[in-house]
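Work through the exercises below with the structure open. Each task is followed by a solution in steps.

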Amino acid sequence: MSTYRFSHTDAVHAGRDDFRSIGAHAPPIDLSSTYPVGDPDTATASLDALCEGQAQAAEPVYARLHNPTVARWEQALARAENAEAAVAFGSGMAALTAALLSLPTDRRHVVAVRPVYGTSDHLLASGLLGQQVSWTTPDRIADQLRADTGLVIIETPANPTLALIDIEAVVRQAGEIPVLVDSTFATPVLQRPLELGAAMVMHSATKFLGGHGDVMAGVIACNEARARGLRQVRIATGALLHPWAAFLLHRSMPTLRLRVERAQATALKLAERLARHPAVAQVHYPGLSGQDPMGLIGRQMDGPGSVLAFEVHGGHESATGLLGTLKLITPAVSLGSVDSLIQHPAGLTHRVMDEDARRQGGISPGLLRLSTGLEEPEDLWADLEAALDRIASRRERAA
Ligand SMILES: *Cc1c(COP(=O)(O)O)cnc(C)c1O
């Protein structure tokens, strides 16, 4: 594991290199859809450069080609991942779409490990973008590689089971095939896949990077050559990040580490208590003893994060019943917000998968996924405990 860390200093200052020269203290929001052309030949050269995928040119020309507010946040995110570049999109799914569309046309076969985020699973399995997918397990990746394989996709920690995958071991098996890691759950605070050999790291920035439940975005960090391919796709498909969203994301950067570390400390407390509650059959959280058999925390991750999943006794009925009883924790999809969110993967985020795939991915009817926010841990536990006590006593009465 490398010694690079996304420091608090980086978090505060990244992407702000030009502030003194432009006399700004907060990121300026540039809402221009077009830009006045100065010298026409310079504008033409700028257009050519941007359409070839360069990060910037003498003139921005048109907002689909370049936006300075978005570019600043991309620089900040690249710093966080210790990457050459980052390319931002209007959502996590738009980012994954661009990664798939940027593959050479004769390399559209993808090897992927389940479980992944439900819609990522759907996008891959549906072949919507003309790609083929082979699903496999982390130890069988090498067996699935073909002459036309263009990408290996993994998600770690996985949604919603929190299973961890050894990124370095996957990269070794993939050989020269690029590996994309969806690192949404870990954030660059806890995991930097590029340093472990991954070619691309993807985030649904809607989650921790935005962090306040008020922005949708996606991003891929990678080397400059790949970033050019992604920018070309972004220009051609128009899967842009709006500058207002980029402003919010940039505003969230200085507190990213504080939020992730605080929420993680709370998740650990709740996971331990959930594991002891009689209404809970099982807790999935890599921070619990015995749940990180490969020893990846400390080697690959700086901590287990702040998303956990737990199975309640009584399956679907108990799980959905619990959601209805909570008063503080919001029953909602998404994660990584300042407030705690809980949801039922089988009925919501992973509903789009077919049932066999769900079962194969360990997504049972009684499974709930909890993303801890920044509230007082004791208040969160009181809310959970009251709801779980109700399940336990109802089951006792029924028995
Ligand atoms: C939410 C999520 C996505 C999809 O991102 P959107 O911003 O909703 O498009 C992809 N991967 C993971 C792990 C997610 O949690």
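**Exercise 1. The largest pocket**

Task: State the volume of the largest pocket, find the residues closest to its centre, and sort its lining by residue class.

Solution.
- Step 1. The volume of the largest pocket comes to about 670 Å³. The model is a predicted one.
- Step 2. The lining of this pocket has 39 residues, and H66, N67, V70, A71 and E74 are the closest to the centre.
- Step 3. At least two lining residues come from each of α4 (68–81), β1 (85–89) and α10 (224–237). The top contributor is α4, with nine residues.
- Step 4. By class, the lining holds 20 nonpolar, eight polar and 11 charged residues.

**Exercise 2. Enclosed space**

Task: Say how many cavities of 30 Å³ or more the whole structure has, then describe the lining of the largest cavity.

Solution.
- Step 1. The search returns three cavities of 30 Å³ or more.
- Step 2. The largest cavity encloses about 60 Å³ of space.
- Step 3. Its lining is made of F208, G211, R259, V260, A263, G336, S337, V338, T372, G373 and L374.
- Step 4. Five of these residues are nonpolar, five are polar and one is charged. Glycine is counted as polar here.

**Exercise 3. Helices α5 and α6**

Task: Are α5 and α6 roughly parallel or roughly antiparallel to each other? List the residues that meet.

Solution.
- Step 1. Take helix α5 (residues 92–101) and helix α6 (residues 118–126): their axes come within 11 Å and cross at roughly 30 degrees.
- Step 2. Angles under 35 degrees count as roughly parallel. The two helices, α5 and α6, are therefore roughly parallel to each other.
- Step 3. Their crossing is right-handed.
- Step 4. From α5, M93, L96, T97 and L100 meet T119, S120, L123 and L124 of α6. The contact has five nonpolar residues, three polar and no charged.

**Exercise 4. Helices α13 and α15**

Task: Classify the crossing of α13 and α15 by angle and by hand, then break down the contact by class.

Solution.
- Step 1. The axes of helix α13 (residues 315–325) and helix α15 (residues 377–398) cross at roughly 135 degrees and come within 9 Å.
- Step 2. Roughly antiparallel needs an angle over 145 degrees, and roughly perpendicular needs 65 to 115. Neither applies at roughly 135 degrees, so α13 and α15 are oblique to each other.
- Step 3. The hand of the α13 and α15 crossing is right-handed.
- Step 4. In α13, S318, L322 and T325 make the contact; in α15 the partners are A387, L388, R390, I391 and R395. Four contact residues are nonpolar, two are polar and two are charged.

Technical notes. Residues are numbered from 1 along each chain as its sequence is written. This is a predicted model: local features need pLDDT of at least 70, side-chain atom pairs count only at pLDDT 80 or more; totals for chains, interfaces and linings use all residues. Side-chain values use heavy atoms; hydrogens and water are left out. Axes are lines fitted to C-alpha atoms, for helices over the stretch in contact, and angles run from 0 to 180 degrees between N-to-C directions. Helices (H or I, at least four residues) and strands (E, at least two) are DSSP runs, numbered from the N terminus. A crossing is left-handed if the near helix is turned anticlockwise from the far one by less than a right angle, and right-handed if clockwise. Contact means heavy atoms within 4.5 Å. On a 1 Å grid over the protein atoms alone, a cavity is a set of points where a 1.4 Å probe fits but cannot get out, and a pocket is an open set with protein on both sides within 12 Å along at least five of seven lines; lining residues have an atom within 4 Å of a point. Grid points are joined across faces, edges and corners, and a volume is the space filled by probe spheres set on the points.
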